[in-house]
Amino acid sequence: MATLELIVSEEVVVDLVRRGRRLGLLFWMAIGWMLFVFALAILAPVLPLPSPTDMDMLERRAPVSALHWLGTDGLGRDELARLIYGARISLTVGLFAPVIGLAIGGALGILAGYFRGRFETLVVGSMDVLLAFPPLILALAVTAYLGQSILNLTCILGVLGIPAFMRVARASTLTLARREFVVAAQALGATHARILLRELLPNVLLPLLAFFLLGVAVTIVVEGALSFLGLGVPPPISSWGSMIGEGRESLEIAPQLAFIPAIALFLTVLSFNLVGDTLKALTDPRQSAL
């Protein structure tokens, strides 16, 4: 028995190693960058950084030095501190907005794909109406009307993500609702609530979580675009988009003020896309039996 357990454990380890190799080097590099950015954002208050809002007009656009590792911006604020604190804003909006879409859109998609009929028609029709509005224009209008705040920005971007999550959840539910384990549960007299929560939700949750990472990448880009246009978080709070917008005024004198946050934004979005695409491929029901 001990020998059999040892063989099984070795097979599990070998399988994990094979899966890790199949994920590829880029996947693990993306994971490493994401962990690095999250660690900096979380530990920002305890890091030995200058205040990101303190201005020194005598140190405007100062070059890299021992005091300012990435120099200063056009108002004499430390660029490294603003970059790290800007990551907190970009990641906060980028993570919490898709959570709204995941919760509401995922629930509507599962219910629509399971019950079908008029309820499905109503849900799909309402999502088509929401999709009919240009997302960026709608975000601009609502943000300009309600005012600039992290909460308003997060809510509007979360609402805009509902249709995409609904479609992913509905497509997965339509495929799973005809599978043997669901039919067997129905034949045994299981209630709709039990089938939804015990049979469908765990299986639909995997592709939804993979799509969630892609949604985070898109949300970070949209937040950056709104902040670049001056409709993101209000000053003096900084985000990567607002830093890029402020840095464009100094492109000829200090191009790094725009390029450094742009590179951070690019690498972060690319990492979320790589991880999301990889997990989406691994959880695709057409490639693996659930």
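The secondary structure of the protein comprises 11 helices and 0 strands, in a model that is predicted, and from the N terminus onward the elements follow the order α-α-α-α-α-α-α-α-α-α-α. Of the 290 residues, 40% count as buried. Among the contacts with a sequence separation of 6 or more, 72% are made by residues lying 24 or more positions apart.

One of the buried positions is aspartate 78, which is located in the loop between helix H2 (25-43) and helix H3 (79-115). Although buried, aspartate 78 has no salt bridge, and the nearest side chain of opposite charge, that of arginine 82, is 8.7 Å away; because a salt bridge requires a side-chain nitrogen of Lys or Arg within 4 Å of a carboxyl oxygen, this separation does not qualify. A polar atom of the aspartate 78 side chain does, however, lie 3.3 Å from the backbone nitrogen of leucine 80. When residues up to four places away in sequence are not counted, aspartate 78 touches Pro50, Leu67, His68, Trp69, Gly71 and Thr72.

A second local feature concerns helix H9, which spans residues 192-228 and contains 37 residues. The end C-alpha atoms of H9 are only 47 Å apart, whereas a straight helix would reach 54 Å at 1.5 Å a residue. Within H9, a bend of about 50 degrees is found at leucine 200, and proline 202 follows within four residues of that position. Just after H9, glycine 230 adopts a positive phi of about 85 degrees.

How values were computed:
Residues are numbered from 1 along each chain as its sequence is written. This is a predicted model: local features need pLDDT of at least 70, side-chain atom pairs count only at pLDDT 80 or more; totals for chains, interfaces and linings use all residues. Side-chain values use heavy atoms; hydrogens and water are left out. Helices (H or I, at least four residues) and strands (E, at least two) are DSSP runs, numbered from the N terminus. Buried means under 20% relative accessible area, exposed over 50%, partly exposed in between (1.4 Å probe, protein chains only). Lys and Arg count as positive and Asp and Glu as negative; His and the chain ends are not counted. A polar contact is a pair of N or O atoms within 3.5 Å; within protein, one must be able to donate a hydrogen and the other to accept it, and residues adjacent in sequence count only if both atoms are side-chain atoms. Contact means heavy atoms within 4.5 Å. The expected span of a helix is 1.5 Å times one less than its number of residues. The bend at a residue is the angle between axes fitted to the seven residues ending there and the seven starting there.
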